Amino acid sequence: MKNPSDELVRQYTAALQEYVGGGGEAALSYAYELGRRAVAEGLGVLDMVSFYHEALAKVFENTLKAEGTAQALKAKEFFTESLTPFEMVHRGFREANAKLHESNEALQQTNSELEAFSYTVSHDLRAPLRHIQGFAQALLDDYSQQLDPVAKDYAYRIVTAAGRMDSLIQDLLDYGRLGRVYIRLRPLSLLSMVGDVLTQMDDELRRQDSRVTVEIPPLEVLGDLIILDRMLINLLSNAVKFVPVGVRPEVRISAEESGIWVRLWVRDNGIGIPVEQQESVFEVFRRLHDSKSYPGTGIGLAIVRKGIARMGGRVGVESAPGKGSAFWLDLRRAEASDEPKS
Amino acid sequence: MNQSRDTILLVEDEPNDVLLMQRAFQKAKLFNPLQVVGEGEVAVSYLSGESPYGDRGRYPLPALMLLDLKLPGMSGFEVLLWLRQQPGLKRLPVVVLTSSKENTDINRAYEVGANSYLVKPVAFDDLVSIMERLNHYWFVLNERPEVTPWF
């Protein structure tokens, strides 16, 4: 396959040569057009500069050979002093640069709007929530004698609902932040990471009397520790949460290699997910059950999906109602990939 | 230990928060006199003893300031910036009490001289426990600096 940039250099040099040989504005415009094309093909600024110098050196060399020193020096002088062709080439990447700058500014704008939004959410939306919770709690604390059981129940419901809304806001903020944070991929030992998560979740697992088995070969994956931790916690707490009443949760965590990937499985003996809902469980605030049977904010799997997307991996589930669920994460094997590019 | 002479200055513009704070103080058995101002500018007047806060008997210099960041007009950051430039007064321990958990706010608050940064919790019981610990830390454990008016 012909290297397009070599071809461009050749054409570009020829156009400049033609201009030096008296080709007029048309040759110059053509050189400019070629420069633009090079930039459109993704030629970087530095490459473009060396591209120009390369062409210039060739023109000088050719002129020297064909027409002698005097003419060659004239050509060189022309290029270095007039700078017109250079300007014309540069107009190409100045335009491209301006576009880049524009989209960069638009991105920054979006980003700062998001920051402002999350600030408002955390700061302003939570204030009234605090007041609702606080005063309902004050009723329960200070006027317990005057309230009949129904009134107390109502006040209690207000307190609970405010707490729930607080969790929702917190989760939404976490989810939003996940889209913006800088991801740092490092080689991580799968086994020790799972071990750490299980230790962190010890209370929760014990409360549910869960049985967790781990079958993980010594493998290293590329991931961001904090995000991967959070994802695993979400998967595991779902695994022990969505079980039928009276059933002891049993979770099996395993891993297997396949090519450049390591697939991590979290299998449970829970209620399972119908095929038609296996995609939508990963959506934000998507809940398949009422919060009374299975409490939660409905953001856990959305965080898992966003987290794995940020790390360049994949997630999925195999499940059937009554047959349990098996969630899998495809993570890049640490040995298999090159050092992460910054 | 009788700490009743140590005034706490609460800079908080939201009346509901003030009410809940007062209640949390009671629940946490924090019996220090509480002075409340709702604006940054007023906090500055109070601390510098400008009218109507000239009478230090009625408006004593606080031993601790609880400062919200988001205030109408002069912000909590600006109050801190001002305070840390006042000779004598600048030693006053300041605990930021705000609803913002944003890193930029936390870092900036420490940069301009906050001594502690606390986030207002949603659950009232958590607020009570924060106030209990605040009392214990700042009024029992902590050695306090001399805070004097500069004029």
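## Strands, surface patches and backbone outliers

Phe285(A) sits in the loop between strand S5 (261–268) and helix H8 (300–310) of chain A. The model is predicted. Phe285(A) has a relative accessible area of 35%, so it counts as partly exposed. Together with Leu172(A) and Val284(A), Phe285(A) forms a nonpolar patch on the surface. The accessible area of this patch is about 210 Å².

**Strand S7 of chain A**

How much of strand S7(A) is buried? Eight of its nine residues, 325–333, are buried, and the strand is mostly covered.

Strand S7(A) pairs with S3(A), which covers residues 220–223. Two bridges join S3(A) to S7(A), and the two strands run antiparallel. Across this pairing, Leu222(A) stands opposite Arg332(A).

S5(A) also pairs with S7(A), through seven bridges. Again the direction is antiparallel. Here Val262(A) faces Leu331(A) of S7(A) as its opposite residue.

Strand S6(A), residues 314–319, is another partner of S7(A). Six bridges link S6(A) and S7(A), in antiparallel order. Ser319(A) has Ser325(A) of S7(A) as its bridge partner. S6(A) and S7(A) form a hairpin, with five residues between them. In the turn, Gly322(A) has a positive phi of about 80°.

In a regular strand, side chains alternate between the two faces of the sheet.

**Chain B: layout and charge**

Chain B has five helices and five strands. Along the sequence they follow the pattern β-α-β-α-β-α-β-α-β-α. Of the 151 residues in chain B, 54% are buried.

Which residues make up the patch of negative charge on the surface of chain B? Asp13(B), Glu39(B), Glu41(B) and Glu78(B) gather there. Glu39(B) lies in the loop between strand S2 (34–37) and helix H2 (40–48) of chain B. Its relative accessibility is 37%, which means that Glu39(B) is partly exposed.

**Backbone outliers**

Most residues other than glycine have a negative phi, and most peptide bonds are trans. Three sites in the table below depart from this pattern in phi or omega.

| Site | Backbone value | Place |
|---|---|---|
| Asp209(A) | phi near 55° | loop between helix H6 (202–207) and strand S2 (211–215) of chain A |
| Lys29(B) | phi about 55° | loop between helix H1 (15–27) and S2 of chain B |
| Ser51(B) to Pro52(B) | omega near 5° | Pro52(B): loop between H2 and strand S3 (64–67) of chain B |

Asp209(A) has a positive phi although it is not a glycine. Is Asp209(A) partly exposed or buried? Its relative accessible area is 45%, so Asp209(A) is partly exposed.

Lys29(B) likewise has a positive phi and is not a glycine. At 55% relative accessibility, Lys29(B) is exposed, because exposed means over 50%.

The peptide bond from Ser51(B) to Pro52(B) is cis. Pro52(B) follows H2 of chain B, in the loop that leads to strand S3 (64–67). H2 (40–48) also borders the loop that holds Glu39(B).

Key. Residues are numbered from 1 along each chain as its sequence is written. Chains are lettered from A and ligands numbered from 1 in the order in which they are written. This is a predicted model: local features need pLDDT of at least 70, side-chain atom pairs count only at pLDDT 80 or more; totals for chains, interfaces and linings use all residues. Side-chain values use heavy atoms; hydrogens and water are left out. Patches are made of residues with over 30% relative accessible area and no salt bridge: like charges are joined within 9 Å, nonpolar side chains (Val, Leu, Ile, Met, Phe, Trp, Tyr) within 5 Å. Accessible areas come from the Shrake-Rupley method with a 1.4 Å probe; for residues, only the protein chains shown count as cover. A salt bridge is a side-chain nitrogen of Lys or Arg within 4 Å of a carboxyl oxygen of Asp or Glu. Lys and Arg count as positive and Asp and Glu as negative; His and the chain ends are not counted. The place of a charge is taken as NZ of Lys, CZ of Arg, CG of Asp or CD of Glu. Helices (H or I, at least four residues) and strands (E, at least two) are DSSP runs, numbered from the N terminus. Buried means under 20% relative accessible area, exposed over 50%, partly exposed in between (1.4 Å probe, protein chains only). Two strands pair if DSSP finds at least two bridges between them.
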